[in-house]
Amino acid sequence: MKKLLAVLIIFCLFGCKSSMEQQTPSKTSVSATLDAWHKAAAQANYNDYFSLMTDDAVFIGTDASENWNKTAFQAYAKPHFDKGKAWSFTALERHVFFDKTGKTAWFDELLDTQMKICRGSGVLVKIGNQWKIQHYVLSMTIPNENSNEVIKVKASLEEAMIKTLKSK
C-alpha cells in the first residue's frame, strides 16, 4: 500500500509539473516564431512568412505611410518575394513579455538589417499551440547625435503629410 501511494505521489508530481510546463508561456517558442518569420522573409518564402501572421495582423513599416493590414501588406510584399529576395532581418537582442493568461506576448528586438540596426516590436497571440504575429512595428534607429541631420532630410518630405493629417 505504501509503495502504491509513493508511486501515485511521484506520478502526480511529474504529471502536474508537465501540465504546468505546458501552460507556462515560453519565451523560446515566441522567439522561435519570430526567428522563423524573419527566416521566411530572408528565403523569400511567401507562404511560410504570412502563415505566421494572424488574419487580422497589422504591419507598420519604417515610412510614415506604411500602416498595412495583412491583405495590404501581402500585396506590397508579393513582388519582393516573387523576385526571390524579400528582406533579411536577424535578431541581435530580443525581450519577450506575457500577459497573465500566457496567451498574449509582446516583444521588442534589435535587428541586423540591410538598413543597419533597426528595432522591431509587436504582439503575438497564441492560437491553439502556435504563436502568431498580430502586430509588428519596424523602426529605423537614429543615433541621438545625428537626429538633427535626419530631421533636416525628412522635414521637407513630411511637411505635406503632417498638414494632411492635422486637417483630418
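The legends below describe close-up views of aromatic rings in a predicted model.

**View 1. Trp37 and Tyr136 form an edge-to-face aromatic pair.** The structure holds 22 aromatic pairs. In the pair shown here, the rings of Trp37 and Tyr136 lie 4.8 Å apart, centre to centre, with 65° between their planes. This angle counts as edge-to-face because it is over 60 degrees. The pair links distant parts of the chain: Trp37 belongs to helix H2 (residues 27–42) and Tyr136 to strand S6 (residues 130–140), and the two residues are 99 residues apart. Trp37 has a relative accessibility of 1%, so it counts as buried. Tyr136 is likewise buried, with a relative accessible area of 0%.

**View 2. Phe59 and Tyr136 form a stacked aromatic pair.** Here the ring centres are 5.6 Å apart and the planes meet at 20°. The pair counts as stacked because this angle is under 30 degrees. Phe59 lies in strand S1 (residues 53–60), whereas Tyr136 lies in strand S6, and 77 residues separate them along the chain. Both Phe59 and Tyr136 are buried.

**View 3. Ring pairs link a set of aromatic residues into a cluster.** Trp37, Phe59 and Tyr136, the residues of the two preceding views, are among its members. The cluster also includes Tyr46, Tyr49, Phe50, Trp68, Phe73, Tyr76, Phe81, Trp87 and Phe107.

**View 4. The charged end of Lys78 sits over the ring of Tyr46.** The distance from this charged end to the centre of the Tyr46 ring is 5.0 Å. Tyr46 is itself one of the residues that ring pairs link into the cluster of View 3.

Key
Residues are numbered from 1 along each chain as its sequence is written. This is a predicted model: local features need pLDDT of at least 70, side-chain atom pairs count only at pLDDT 80 or more; totals for chains, interfaces and linings use all residues. Side-chain values use heavy atoms; hydrogens and water are left out. Rings of Phe, Tyr and Trp (its six-membered ring) pair if their centres lie within 6.5 Å; planes under 30 degrees apart count as stacked, over 60 as edge-to-face and the rest as tilted. Helices (H or I, at least four residues) and strands (E, at least two) are DSSP runs, numbered from the N terminus. Buried means under 20% relative accessible area, exposed over 50%, partly exposed in between (1.4 Å probe, protein chains only). A charge sits over a ring if NZ of Lys or CZ of Arg is within 6 Å of the ring centre and within 35 degrees of the ring normal.
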